[in-house]
Amino acid sequence: MRARLKSLSFDAQTLTASGKGLKMRRVKGSHKTAQVPATSPIPDENTLTLVCRRWMIVLEGAPMIWNRISAADELAHIRKGLKLAQNIPLDILYGFGESNVGQDTFLKEVGDSISRWRSFRFFAHNVSQSSLGILGTTPAPKLVVLRLHDPFGEDGNRDVVTLFGGAPASSELKEFYARRIPVALAPLRLSNLQSLTLRHVSTVSISDIFQILRDSPALEVLCLQRLEHLRLQDAHAHHVDNHPTQLTLLRDVSLEQVPLFFSRLLLSTFSAPNLQKLVIGGAFDSHPTSEILTPDIPHLIHVLTAMTACVQEITITLDFVYCSINVGGFRIGPIMFEHEPPVDYVRDAIDWIQSRLGRHLEDAPIHLSIQDYGSSPDASHVEAFNAEIRVTKLSLWGDPSYGGRMENLIPLLSEPAALWPYNWVLPHLEVFNTNQIFSSGSDFIVDMVRNRQAASQVGDGDETGMVAPSRLREIRLSFGEMFGSSETPPNAAFMRAVVEAADGADVYWHDVKWTGDGMSGGSGSSN
């Protein structure tokens, strides 16, 4: 059988000719994984069996092709897959809103094969002990991946969910993910995990988390979010060990909307020398960075210094009512704000980063990125950062379906304002980047570029005390319409006007440099 599978060619051109427009997805053989063009939203293995009789015989005799059992398929296909997969490990998927089979029916069909489950991904609404079916009563000895996700559940109002009849999880389990489901963690005795994600799980305790970390030295990913219920008394009651736990493979840590004391405790009690990503944010609105990353975590400071060694800019992102500060793989935020952006918080975070993580960051350019994905950015988003923070790059980026709402921010940059001692908004601006270009171009951008370039040549110190803005050196533009093409600008006359106003500064259209005669074919990246 292996020889027959190996002899099959899954060449895309041959397959299209043989299958007359065949719609298929990735197909796995015993020795190769072939890529078949996917043009169907819900592919199925049955389609391949229609190519010819030989393909049908070979494919139906290849269990590895049928071991992915999804509720998105029809019931007949699910039953056929369970049969043809024979005795090999199974990957089980139930997706809320994407299922052709009811939850109870699906779990009943796959329940008899729980001893062969390799992965179980369950995305359902109002998950309870009864809705989990056999998963709540019977161990799954070969389970490697377990993901339980209730997108709308409020787990604080529901009974605790016990898995596997209270028995420990499989010793083979490597990935555990729970979101909005009140899972009882202690009976699972999770150990040797490679990935742990707990999001809005009110049943988890501090002792649960630390026990899993101690028992999972090969952990690579740790994500803890919306665990506001954790209490300091729990840490004291369980005498959490303060000796750093060595997690040499840990590369990705996310701590969002967890209590400040817990973040400090966790970061001070494990050592992750190969960390590549750290996210800290959510519930620290009133606490400066210096209170989160305290001097008692020198091992983490060393890791963050190495993580940000090649960083070329510090990015401040404003999205709706959230603000975050990014330095390479290190992110502080998102921090929620109500009216004006939290400039004092941002300044404190940047001061901490520049003073603790290496001299190369002291003069790193600061990039202010304002994003419109459902909000209405106003003047405060730009003006708040006028003189407090030395912003040298500005990005105005939005979802095209909301139109050009951020165009209204551009005139703020076009002329002096009554702001002392800097009369220009973002006076150190050197790079301007936006996708808010629509079919007619933008007179606002042409005026802004022309005015700032002209003012930069006047110089400082006249009788008004006006400080001249920095000269723009890059203007990066792209198309903002939903179905617009990125290959050519929507308005060549507009682009020529921008180039003329730029007065020698580089102008790019979708990262391709534009000259007075059109596209130059060159590209570049801003620093």
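**Exercise 1. How many salt bridges does the count come to, and where do D91 and R118 lie?**

Step 1. A salt bridge is defined as a side-chain nitrogen of Lys or Arg within 4 Å of a carboxyl oxygen of Asp or Glu. By this rule the count comes to 14 salt bridges.

Step 2. D91 and R118 are joined by one of these, with N to O at 2.6 Å. D91 is in strand β4 (residues 90-95) and R118 in strand β5 (residues 117-123), so this pair, 27 residues apart, links distant parts of the chain. Helices (H or I, at least four residues) and strands (E, at least two) are DSSP runs, numbered from the N terminus.

A note on the source: this is a predicted model, in which local features need pLDDT of at least 70 and side-chain atom pairs count only at pLDDT 80 or more, while totals for chains, interfaces and linings use all residues. Residues are numbered from 1 along each chain as its sequence is written, and side-chain values use heavy atoms, with hydrogens and water left out.

**Exercise 2. Is D91 buried or exposed?**

Step 1. Buried means under 20% relative accessible area, exposed over 50%, and partly exposed in between (1.4 Å probe, protein chains only).

Step 2. D91 has 17% relative accessibility, so D91 counts as buried. R118, at 32%, is partly exposed.

**Exercise 3. Which residues are separated by about one helical turn in helix α11?**

Step 1. R347 and D344 meet through their side chains in a salt bridge of 2.7 Å, N to O.

Step 2. Because R347 and D344 are three residues apart in helix α11, about one helical turn separates them. An α-helix has 3.6 residues a turn, so residues three or four places apart point the same way.

Step 3. R347 is partly exposed at 26%, whereas D344 is exposed at 56%.

**Exercise 4. What should helix α13 span?**

Step 1. The expected span is 1.5 Å times one less than the number of residues.

Step 2. Helix α13 (residues 443-456) has 14 residues, which gives 20 Å; the end C-alpha atoms are 20 Å apart, in agreement.

Step 3. Buried residues of α13 include I445, V446 and M448. Their cover includes β19 (431-437), β20 (474-479) and α14 (492-502).

**Exercise 5. Which residues touch the most other members of the largest nonpolar core?**

Step 1. A nonpolar core is a set of buried Ala, Val, Leu, Ile, Met, Phe, Trp, Tyr and Cys residues joined through side-chain atoms within 4.5 Å.

Step 2. Of its 137 residues, L163, F176, F330 and F385 touch the most other members. Helix α11 (residues 343-356) gives the most to this core, seven residues.

Definitions and conventions. Contact means heavy atoms within 4.5 Å.
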